[in-house]
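Q: Please take a close look at how the helices pack in this model, beginning with one pair and then turning to a sheet.

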Amino acid sequence: MATLQRIRNRAGLLVAIIIGLALVAFILGDMLRSGSSLLRPQQLEVADINGESVQYPDFQKRIEEIAEIYKMNTGSTQLDDNAWVQVREQAWQNLVREIVMSEVYDDLGLTVTSDELFDMVQGSNLHPIIQQLFRNPQTGQVDKTAVLQFLKSLETNATAQQKAYWLYIEQQIKEERIQTKYTNLVRQGLYTTSAEAKNSLTAKNHQVNMQYVRLPFSAMPDSAIAVTDKELKDYYNEHLDDYKQAESRTIEYITFDVKASEADDANTLKWVEDVKTEFANVADNEQYVNVNSDIRFEDLYQKKSELPANLADFAFEGKVGDVYGPYKEGNAYQLVKIDDFKDLPDSVQARHILIKPETVGSYPAAMALADSLKGLIENGTKFATLAEQYSEDPGSARKGGDLGWFKRNQMVKPFEDAAFNGEVNELYTTTSQFGVHLIQPTKRGKEVKNVRLAILSRAVEPSTQTYQNVYSLASKFVAENQNYEAFNEAIANEKLTKKIATVGENDREVRGLEQSRSLIRAAYQADMEDILHNNEGSAIFELGDSFVIAALAGATEEGTASFEEVRPRVELAVKKQKKGEALKTKMAEAIQGNDLQAAATKLNVDVKDANGLTFNSTSIPAVGMEPAVIGTVANLKQDQVSAPIVGNNGVYLAKVVSISEGSDEDVLAEQSRLNQAMGYRAAYQAYEAQRNAIEIEDKRAKFY
């Protein structure tokens, strides 16, 4: 199924950004054993979306299905933690969209019929995904015959997994089509009137150059402003929406970090010293390094000038088999052995033909084509002619495959090895992450002596004994401080560093702590001032190279924060408001007529310029977002000075220095532009409106 491999290679990104769907079943194992109390629907509920209960088995099945697609697209057999997070999030977003929009589609009568799907997959109106998968790279045209042949082979000799993958692609096509139908309906309901277009043109054409003076709020100290409890509470009640808050937990924690001890350092050095003789006498340096070193053998030849100072003289004055060290480099002890000398050019000139496996179906097919081209060249066909016809490196293909001169370490390793080690005008075939290369070195630079070094490196790492010693310290702390009060007293008495973090229920990590999801889950399962415990009931969390002990110090529930919780923020806002009024009065007293410079002198500030402002502008250069100032200035006449304006970053006096009117009078073009801009927003905003109109209770944090 070479075509299916090509589909995976080409479709990975395009398919991944469209809503994913199901492939394989997932078995819950222990959670679904007969008689388990977890079988109760309420305890297995992952979410409640618009009144529809989502159960853990069903949601986990979706996750596993998307994970299988991810593996097929990437060619991997396992997913790392980050990939699982992405897969779960994609499954969640797909599920929410499906539930939110299914009723909307039904109400509107939107469907994708089997005839439509047939037309998009093999008919006259092929979907962009199909066009991408089956486009001939040489002609740029879609090969419909290839589509039909592939579908026929899918019925006769495809595996169940391959068939399921194709069904997945078809489902993406259906989902994208119905979304497009809905978006188009919304777009058709959006319209910009000619009056709106004229107003927009007027705003764009009307450009203002201004001068201004500004008194920042910091010009008046907080101590100069008095506020009463009544003023604070009145402001809070009038601005409740400003104090909406998400659910969160605040944890306080200390870390017992595991670091290599002096004994660990000494033991590492001794190990390196002990193997020095063995390393010096071994015949196969590459194998020995790969088995015993923390870094793999590097097949790299270097000039003397490319080596560190401590190795350069040793490497070029010694002989093959000589060993230097041990010496410490960073956090590792190293031995360096001279492995080989070779005279190599500084640079080479070469040309190549690149064949991408996804174009011809597989690496073997690409190798076969490269071998065929090699035979043609050896029999007299010009390399440049074949490069122009077959190479998929467009930059060099236009030059007959010529890459010009290049130095070492500019190309990927397999390509570089063939180019630098090969004979001039000979043909070599090699592979890289880019595909299969047919390479011909055409010129070689001056050859100089190079050395290849075998480096045996052993990092200084904490030993098992060091881990046990640090764990003992953490265990002692927990044993002696089993409540919140004792936790804090011990931290103070022992002069430990207490850290604080505020986390959301679905956060994956506490900043600075590796793989700390378990700590976050524990915080949401604890009561106030509890010492947190992991799933095994221990108060010691092993996170990366740290043992962590934490307590729940605060809990914020979703909704509007209480007045007392946000009092400091309210006080700052009220003081800013009162400062604005006071500075506004001060400015009004300073300005006389249109003399902005005289006002600036009285206020002890400079006059600044801001040019090219229109009603559609949002900020003043070097100041920031100031819509109130811009809106005011855009409506002033030339030489007119504004009244004091309270903005986001201070209080302003502004004077219009000059006004210029643009000449754009194309109302229809402006109307079209505004309609297009609304259309771009339609897809996202229409879905968000539907999503925000329903209740979504997310309980994923109980399970992941």
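**Helix packing**

A: Helix α11 passes α12 in a right-handed crossing, that is, with the near helix turned clockwise from the far one by less than a right angle. This is a predicted model, in which local features need pLDDT of at least 70 and side-chain atom pairs pLDDT 80 or more, while totals for chains, interfaces and linings use all residues. Residues are numbered from 1 along each chain as its sequence is written, and side-chain values use heavy atoms, without hydrogens and water.

The axes of α11 (residues 262-281) and α12 (residues 285-292) come within 12 Å and cross at roughly 160°, which makes the two helices roughly antiparallel (over 145 degrees). Trp271, Val275, Glu278 and Phe279 of α11 meet Asn285, Tyr288, Val289 and Asn292 of α12, contact being heavy atoms within 4.5 Å. Of the residues in this contact, five are nonpolar, two polar and one charged.

Elsewhere, helices lie against an open sheet of four strands, ordered β18-β3-β22-β21 with antiparallel pairing (at least two DSSP bridges between paired strands). Its edge strands, β18 (608-613) and β21 (645-646), each pair on one side only. Strands β3 (residues 206-215) and β22 (residues 651-661) are joined in the antiparallel sense by ten bridges, and valine 208 stands opposite isoleucine 659 in β22. Helix α9 (residues 194-205) packs on this sheet, touching β3 and β22, and its direction makes about 60° with that of β3. Helix α22 (residues 563-590), running at about 65° to β22, lies across β3, β21 and β22.

How values were computed: Axes are lines fitted to C-alpha atoms, for helices over the stretch in contact, and angles run from 0 to 180 degrees between N-to-C directions. Angles under 35 degrees count as roughly parallel, over 145 as roughly antiparallel, 65 to 115 as roughly perpendicular and the rest as oblique. Ala, Val, Leu, Ile, Met, Phe, Trp, Tyr, Cys and Pro count as nonpolar, Asp, Glu, Lys and Arg as charged, and the others, Gly among them, as polar.
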